[in-house]
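Student: Please take me through one part of this model in detail. I would like a close look at the ligand site and what surrounds it.

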Amino acid sequence: MQNIIDKFLINDKVTLIAPHGNGHINNSYLVETTALSGFKRRYLLQAVNKNVFSDSEGLMANIEKVINYLREKSGDGRGVMKLIPAKTGRYFHIDENGTCWRVYDFIENAICLEAPESPEDFYECGFGFGNFQSQLSAFPASTLTETIPDFHNTPKRFENFLKAVEADLCGRAAEVQEEINFVLSEKDFYSVLYDNMAEGKLPLRVTHNVTKSNNVMLDAVTRKSLCVIDLDTIMPGFSVNDFGDAIRFGANTAAEDEKDLSKVSLDMEMFDYFARGFIKGCDGHLLESEIMLMPEGAKMMTVECGMRFLTDYLQGDTYFKTKYPQHNLDRCRTQFELVRDMNRHWQDMKDTVKKYI
Ligand code: GN1
Ligand code: MG
């Protein structure tokens, strides 16, 4: 790894390299350097997953554009990620295996939460993601590469799921018939966002697309939102999906891979706080119809994510990192349990977002 670091403009001695974070896709490492004076500086080194992101140069071009744009808006502080240049002058290094590496300045005195610790924390996550979307509201979306085509195209995800069931590569379909039936039982729902787009109720915007609470940094002392991270999937998308993916992850009373499904439910207080923070952060950029479609976004991201975990399980766990053989199946089950609870809270969710129009 020292060889990789040597490709970047980092001159001080590397005194620590350690795995970092909990992402399911890329590999991240914390790197610490120590200058002769004793001054320590920290960086985040990342290897982009090339199975997931086939066009890493296009991906890095997106990130550079977005970062530069945000920096013009909000200045040079901790509010925007900062890439360290490679010695070539570009902001990444491709190694002999074709893996793309990049280095960010580590954001100091900041935290990111695997699970929001209070409704106020979750409000701040919402504000951060909403504000991110509002800052990018005039960004020229057509200049962005689609790093994962059809990323949140749920009807397409459903088609792929059906193909995976049909192919049954690993002979696992029989064992997950109940989960397969659940996906089929919701099939009329999957096109709802696209139908609303066609009716002009849901515009395409520049969105983040993976809005887990651990993708927004909060100041360690004030716990105010600071900076949105993990910019690999910034693409044109629906605002309600950014809202929804955050709810999926942060308003679940259990972890994404909880085995005891009785612990899984939708926390309506968390939902309310996040909705208020997100809408506030969006700063008037949302249509009334978008706000009203936020519950659909929450359910869509949850059922889609469950479907993706199940598809990966059927295909032999090649997409998401897993820690044990049934990990994707456990993740899928929590998502479907949460969808069931969202169905129970449907009116409650609608009434909540309506308050904030
Ligand atoms: C992946 O890398 P990470 O863990 O932030 C995935 C998301 C899923 C999420 C589920 C590029 O995000 O779409 O919602 O796992 N990212 C990609 O936890 O597929
Ligand atoms: Mg992340």
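Tutor: Here is the ligand site, followed by the domains that build it.

This is a predicted model: local features need pLDDT of at least 70, side-chain atom pairs count only at pLDDT 80 or more, and totals for chains, interfaces and linings use all residues. Residues are numbered from 1 along each chain as its sequence is written, chains are lettered from A and ligands numbered from 1 in the order written, and side-chain values use heavy atoms, without hydrogens and water.

Around ligand 1 there are 17 residues (near means a heavy atom within 4 Å). His24, Lys212, Glu256, Arg308 and Tyr319 come nearest.

Now the polar contacts (N or O atom pairs within 3.5 Å). A polar side-chain atom of Glu256 sits 2.6 Å from a ligand 1 oxygen. His24 uses a polar backbone atom, 2.8 Å from an oxygen of ligand 1. For Arg308, a side-chain N or O atom is 2.8 Å from a ligand oxygen. Taken alone, ligand 1 exposes 450 Å², and the protein buries 95% of that (Shrake-Rupley method, 1.4 Å probe).

The shell holds nine nonpolar, four polar and four charged residues. Helix 10 (residues 294–314) gives the largest share, three residues (helices are DSSP runs, H or I, of at least four residues).

Both domain 1 (2–108) and domain 2 (119–354) supply at least three shell residues. Their bounds come from an automatic or database assignment. The domain centres, over C-alpha atoms, are 27 Å apart. Their contact (heavy atoms within 4.5 Å) takes 26 residues from domain 1 and 27 residues from domain 2. Together the domains bury about 2500 Å², 60% of it on carbon and sulfur atoms (accessible area lost, 1.4 Å probe, summed over both parts).

How values were computed
A polar contact is a pair of N or O atoms within 3.5 Å; within protein, one must be able to donate a hydrogen and the other to accept it, and residues adjacent in sequence count only if both atoms are side-chain atoms. Helices (H or I, at least four residues) and strands (E, at least two) are DSSP runs, numbered from the N terminus. Ala, Val, Leu, Ile, Met, Phe, Trp, Tyr, Cys and Pro count as nonpolar, Asp, Glu, Lys and Arg as charged, and the others, Gly among them, as polar. Buried area is the accessible area (1.4 Å probe) that two parts lose on being put together, summed over both.
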